[in-house]
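User: Could you take a close look at one part of this model for me, the largest pocket and the helices around it? I work at the bench, so a connected walk through the residues would help me most.

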Amino acid sequence: MKNIALGKYVPYNSFLHRLDPRVKLFVTIALLVAVFLPVKPYAMAYTVSGTLLVLTIVMLLISHIRVRDIFVSLRSLWFLVLFLILVYIAVPKAENELGIAWDANGWVVYWDAFAEAGKVIIRLVTMIMITMILTATTKPLDLTYGLEWYLTPLKVFRFPSAEVAMTISIALRFIPTLLEDANRVMRAQASRGVDFQHGRIASRITGITSLIVPLFVSSFIRSEELANAMECRGYDPRLKRTRYRVFRFHVRDLLALLVVSVILGGIIALVATGFNFYAL
């Protein structure tokens with residue numbers, strides 16, 4: 001848990017850090033949409049997914065997030081990989097492009113099962129990395145401003161955009177805090193003889209219960225402290241607030257919007273036309 005970087009802001013003066021938070025939110029959503037677009041066939045899908053993965057790794061390096069820490073935090077995905085492979089083996093597709101992997105006494109396993117599982121895993125890893133980049137390069141208050149700016153048109157319908165934006169940013173901010181609390185409680189329970197990894201199922205359930213209950217208590221205490229601190233500072237979401245920093249678009253923001261728009265538009269064009277340069 002201590003290696004998970006989601007929600008942690010990494011202070012640095014990189015190109016991604018200097019981008020407008022509204023632009024970073026648009027870039028994040030556009031890249032997530034591009035990652036999960038249904039590109040076919042497998043050769044094109046892996047080419048597009050691999051390109052987006054390389055682009056995401058480059059963005060990680062620019063934002064000074066250690067790639068090693070991210071892959072360590074994703075090491076638990078091996079169970080998901082095996083689960084997906086078993087699901088695709090047990091429920092094969094109606095049409096299989098890659099043919100039969102092996103046939104044992106009528107039990108047919110297709111290569112498509114492994115191809116589908118690999119495609120999903122690459123997409124999940126890329127999605128997690130993109131989200132980490134957003135939270136690592138954007139301060140919580142700046143992220144709140146970006147979310148509130150996008151939700152501003154909903155104020156016509158009396159939608160509490162400021163409250164929703166603040167709630168989302170606080171939730172993202174408290175992810176690393178809750179993970180640190182969980183790690184601390186696990187160490188404390190382990191020092192008292194609680195085993196979270198070995199033993200029977202009943203003992204593991206008991207160990208998990210001993211983790212969840214203190215974690216909930218700690219979460220409620222932190223939420224109460226946060227509410228008291230905001231109240232002492234006179235926070236009122238119904239009042240109009242001024243800002244210390246006024247965000248304005250710059251050339252770098254327009255450049256980022258242009259590059260991401262071209263990437264998303266190109267992938268949408270590939271999906272719409274079914275273009276496959278491997279068939280040329």
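Analyst: Let's start at Phe174, which is found in helix H8. Please keep in mind throughout that this is a predicted model. Phe174 has a relative accessibility of 21%, and because buried means under 20%, Phe174 counts as partly exposed. Not counting residues up to four places away in sequence, Phe174 touches Arg222 and Leu226. There is a link to Ser223 as well: Phe174 and Ser223 are 49 residues apart along the chain, and their C-alpha atoms are separated by 9.7 Å.

From helix H8 we can go on to the pocket you asked about. Helix H8 spans 161–191. The largest pocket holds about 670 Å³ of space, and 26 residues line it. Nearest its centre lie Tyr145, Glu148, Arg241, Thr242 and Arg243. Two elements give two or more residues to this lining: helix H7 (140–151) and helix H8. Of the elements in the lining, H7 gives the most, with six residues. As for chemistry, the lining of the largest pocket has 12 nonpolar residues, 10 charged ones and four polar ones.

Helix H7 deserves a longer stop. What does H7 pack against? The axis of H7 comes within 8 Å of the axis of helix H2 (residues 21–35). These two axes cross at roughly 70°, and a crossing from 65 to 115 degrees counts as roughly perpendicular, so that is how H2 and H7 lie to each other. On the H2 side, the contact is made by Pro21, Arg22, Leu25 and Phe26. On the H7 side, Asp142, Leu143, Tyr145, Gly146, Leu147, Trp149 and Tyr150 take part. By class, the residues of this contact are eight nonpolar, two charged and one polar. Tyr145 links the two parts of the story: Tyr145 is among the residues nearest the centre of the largest pocket, and Tyr145 also belongs to the contact of H7 with H2.

Asp142 is worth a look of its own. Asp142 lies in helix H7 and has a relative accessible area of 14%, which is under 20%, so Asp142 is buried. Leaving aside neighbours within four places in sequence, Asp142 is in contact with Pro21, Arg245 and Phe247. Pro21 is one of the H2 residues in the contact of H2 with H7.

Now for what follows each of these helices in the chain. The loop between H7 and H8 holds Arg158. Phi of Arg158 is near 60°, a positive value in a residue other than glycine. Arg158 has a relative accessible area of 79%, and since over 50% counts as exposed, Arg158 is exposed. The loop between H2 and H3 holds Pro41. A cis peptide bond joins Lys40 and Pro41, with omega about -5°.

Beyond that loop we reach helix H3 (residues 42–62), where Ser49 lies. With a relative accessible area of 7%, Ser49 is buried. Apart from neighbours within four places in sequence, Ser49 is in contact with Ile122 and Arg123. Helix H6 covers residues 111–137, and Ile128 has its place there. At 25% relative accessibility, Ile128 counts as partly exposed. Ile128 and Leu32 are 96 residues apart in sequence, yet 9.6 Å apart in space, C-alpha to C-alpha.

Finally, here is the setting for all this. The secondary structure of the chain comes to 10 helices and two strands. From the N terminus on, the order is α-α-α-α-α-β-β-α-α-α-α-α. Of the 280 residues in the chain, 33% are buried. Among contacts between residues at least 6 apart in sequence, 76% join residues at least 24 apart.

Conventions. Residues numbered from 1 in each chain as written. Predicted model: local features only at pLDDT ≥ 70, side-chain atom pairs only at ≥ 80, totals over all residues. Heavy atoms only, no water. 1 Å grid on protein atoms, 1.4 Å probe; cavity = no way out; pocket = protein on both sides within 12 Å on 5 of 7 lines; lining within 4 Å. Points joined across faces, edges and corners; volume = space filled by probe spheres on them. Helix = DSSP H or I, 4+ residues; strand = E, 2+ residues; numbered from the N terminus. Nonpolar A, V, L, I, M, F, W, Y, C, P; charged D, E, K, R; others polar. Axes fitted to C-alpha atoms, helices over the stretch in contact; angles between N-to-C directions. Parallel < 35°, antiparallel > 145°, perpendicular 65-115°, else oblique. Contact = heavy atoms within 4.5 Å. Buried < 20%, exposed > 50% of the residue type's maximum accessible area, 1.4 Å probe, protein only.
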